[in-house]
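Here's a quick briefing to read alongside the model. Have the viewer open, and let's start with one term you'll want in hand.

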There are 2 protein chains.
Amino acid sequence: MTKPARSTSDRTDKREVILQAALELFAEFGFHGTPMPLVAERANVGAGTIYRYFDSKEALANAVYQRAKLLLYETLVKDFPEDLPARQQFHVFWQRLINFAIENPLAFQFLEFHDHVSYLDESSQAVAAKLWEPGCSFFEKTNQQQITKPMPPKLLIAIVWGMFTGIVKVSYRGHFELDPEVIAQTERACWEAVRY
Amino acid sequence: MTKPARSTSDRTDKREVILQAALELFAEFGFHGTPMPLVAERANVGAGTIYRYFDSKEALANAVYQRAKLLLYETLVKDFPEDLPARQQFHVFWQRLINFAIENPLAFQFLEFHDHVSYLDESSQAVAAKLWEPGCSFFEKTNQQQITKPMPPKLLIAIVWGMFTGIVKVSYRGHFELDPEVIAQTERACWEAVRY
DNA sequence: GCTAACGGAATGAACTTTCATTCTGTAGAA
DNA sequence: TTCTACAGAATGAAAGTTCATTCCGTTAGC
């Protein structure tokens, strides 16, 4: 006895499956490096079916991109402890960043290993811009209290984000493990880079 | 009076022109995003001519890659002051890194904005591996003297390289200028991240 | 010094393959 | 029966590569 082939949730399920397959392939081969038929195959779906859910390859890629970026955004801001001292807030940021990279390696790879400018639409760019906000407001506050170095918040963000991605990328290549010890050490190192 | 149209150096000249055109396009659109006919057009060369100098698109990309990596390698190691104190050697490293990014924006973009694993051959991977050496031997020495944090050299390199690329990428997007002030500030920040 | 044959570099149209997208027949739900 | 969703074959554009041909500097013969 087979289950009903067209349940109500089938549409969303199929959309989901396609997005997941696309994320996996885009993460590994990039946008221009992954053919749509391969996405269909990976999703166990007809090639034409993808176009019932997404207008084009670009639209699919934008959906994947926004999904990954918003997941990261939510990871960073959800239940953020606004009243903790800056140093402890930084600890929370760092933990969440590393956790994101560990728990969502495909999303991280997709976002950080490839360039997206050639296909990102306005709404995706808006999502990308939103990710600056948590860091910006954090460093604006710490700058006022002279807790962090007197640099533009965006430069401080570049430092932290760069260190973070640098460490994660090298760990992905197997040069070392992202164990709690390394996470704690790198957090200290990163804080010393930005603190006053 | 026109110069001879087929001088002896024409072969190398043409190879050079093709490599430069490929670098420009690969830097902007990536390997999979740039068609060979476009490379030919940019180089003012027939499409078939490229194949007189390179076996395939992959071979061309590998040549471009090795060129860029080796340029960076030379920039780092040429006349390196082996006898300076570690802190001053770090200053030299940082200056050279930033200078490379300023003077070779295309090479930097090509190397850092795109993923290369899908087409790199063995010899290119060997060149990539070579770039770890200067940093590794530097941090091995500073680790012995307890000048830098007790971390594996590769982790320290990931920290420095990550900060460097993070800063340069954000400056490329126009969020701030890479002026001497910023360069000096970020150098201090980076050193504080890795120093004991 | 002049000319004519030569050889290899350059070319771009043509070939083959691959890709994104559309079309079509089928099967299940209503 | 009708209608929607689907799979996968079909399609046409574009890609990477090849190759017959052209072009041009060189050189041997006179």
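A crossing of two helices is called right-handed if the near helix is turned clockwise from the far one by less than a right angle, and left-handed if it is turned anticlockwise. With that in mind, H10(A) passes H10(B) in a right-handed crossing. Keep in mind that this is a predicted model. The notes below take one chain, then the pairing of the two, then a few single residues.

**Chain A on its own**

- Chain A has 10 helices and zero strands.
- Going along the sequence, that reads as α-α-α-α-α-α-α-α-α-α.
- The C-alpha trace of chain A spans about 65 × 35 × 35 Å along its principal axes.
- Of the 196 residues in chain A, 33% are buried.
- If you take the contacts in chain A with a separation of 6 or more, 65% of them come from residues 24 or more positions apart.

**How the two chains are related**

- To lay chain B on chain A, you rotate by 180° with 0.0 Å of shift along the axis, and the RMSD is 0.1 Å.
- That is what a two-fold axis does.
- What surface do the copies meet through? They use the same one, because 100% of the interface residues of chain B are also interface residues in chain A.

**What goes into the interface**

- Chain B puts 32 residues into the contact, and chain A puts in 32 residues.
- On the side of chain B that touches chain A, helix H9 (153-172) and helix H10 (180-194) each supply at least two residues.
- H9(B) gives the most to that side, with 11 residues.
- Sorted by class, the side of chain B that touches chain A has 17 nonpolar, 11 polar and four charged residues.

**H9 against H9**

- Helix H9 (residues 153-172) of chain A packs with H9(B) at an angle of about 135°, and their axes are 7 Å apart.
- So H9(A) is oblique to H9(B), since an angle has to be over 145 degrees to count as roughly antiparallel.
- The handedness here is right-handed: that is how H9(A) passes H9(B).
- On the H9(A) side, the residues in this contact include Lys154(A), Ala158(A), Trp161(A), Gly162(A), Met163(A) and Gly166(A).
- From H9(B), the residues they meet include Lys154(B), Ala158(B), Trp161(B), Gly162(B), Met163(B) and Gly166(B).
- By class, the contact of H9(A) with H9(B) holds 12 nonpolar, six polar and two charged residues.

**H10 against H10**

- The axes of helix H10 (residues 180-194) of chain A and H10(B) come within 7 Å, crossing at roughly 150°.
- That angle makes H10(A) roughly antiparallel to H10(B).
- Ala189(A), Cys190(A), Glu192(A), Ala193(A) and Val194(A) of H10(A) make the contact with Ala189(B), Cys190(B), Glu192(B), Ala193(B) and Val194(B) of H10(B).
- By class, this contact of H10(A) with H10(B) has eight nonpolar, no polar and two charged residues.

**A few residues to click on**

- Lys169(A) sits in helix H9 of chain A.
- Is Lys169(A) exposed or buried? Neither label fits, because its 19 C-beta neighbours inside 10 Å make Lys169(A) partly exposed, and a buried residue needs 20 or more.
- Lys169(A) and Glu112(A) are 57 residues apart in sequence, and their C-alpha atoms are 8.8 Å apart in space.
- Tyr196(A) lies in the segment after H10 of chain A.
- Tyr196(A) counts as exposed because it has 10 C-beta neighbours inside 10 Å.
- Leaving out residues up to four places away in sequence, Tyr196(A) touches Gln146(A), Ile147(A), Thr148(A) and Lys149(A).
- The C-alpha atoms of Tyr196(A) and Asn143(A) are separated by 8.7 Å, though the two residues are 53 residues apart along the chain.
- Over in chain B, Glu82(B) is in the loop between helix H4 (57-77) and helix H5 (86-103).
- Glu82(B) has 8 C-beta neighbours inside 10 Å, so Glu82(B) counts as exposed.
- From Glu82(B) to Tyr172(B), the distance is 32 Å from C-alpha to C-alpha, with their positions 90 residues apart in sequence.

Notes
Residues are numbered from 1 along each chain as its sequence is written. Chains are lettered from A and ligands numbered from 1 in the order in which they are written. This is a predicted model: local features need pLDDT of at least 70, side-chain atom pairs count only at pLDDT 80 or more; totals for chains, interfaces and linings use all residues. Copies are superposed by least squares on the C-alpha atoms of residues with pLDDT of at least 70 in both. Two residues are in contact if their C-beta atoms, placed from the backbone, lie within 7 Å. Helices (H or I, at least four residues) and strands (E, at least two) are DSSP runs, numbered from the N terminus. Ala, Val, Leu, Ile, Met, Phe, Trp, Tyr, Cys and Pro count as nonpolar, Asp, Glu, Lys and Arg as charged, and the others, Gly among them, as polar. Axes are lines fitted to C-alpha atoms, for helices over the stretch in contact, and angles run from 0 to 180 degrees between N-to-C directions. Angles under 35 degrees count as roughly parallel, over 145 as roughly antiparallel, 65 to 115 as roughly perpendicular and the rest as oblique. A residue is buried if 20 or more other C-beta atoms lie within 10 Å of its own, exposed if 12 or fewer, and partly exposed in between; C-beta atoms are placed from the backbone.
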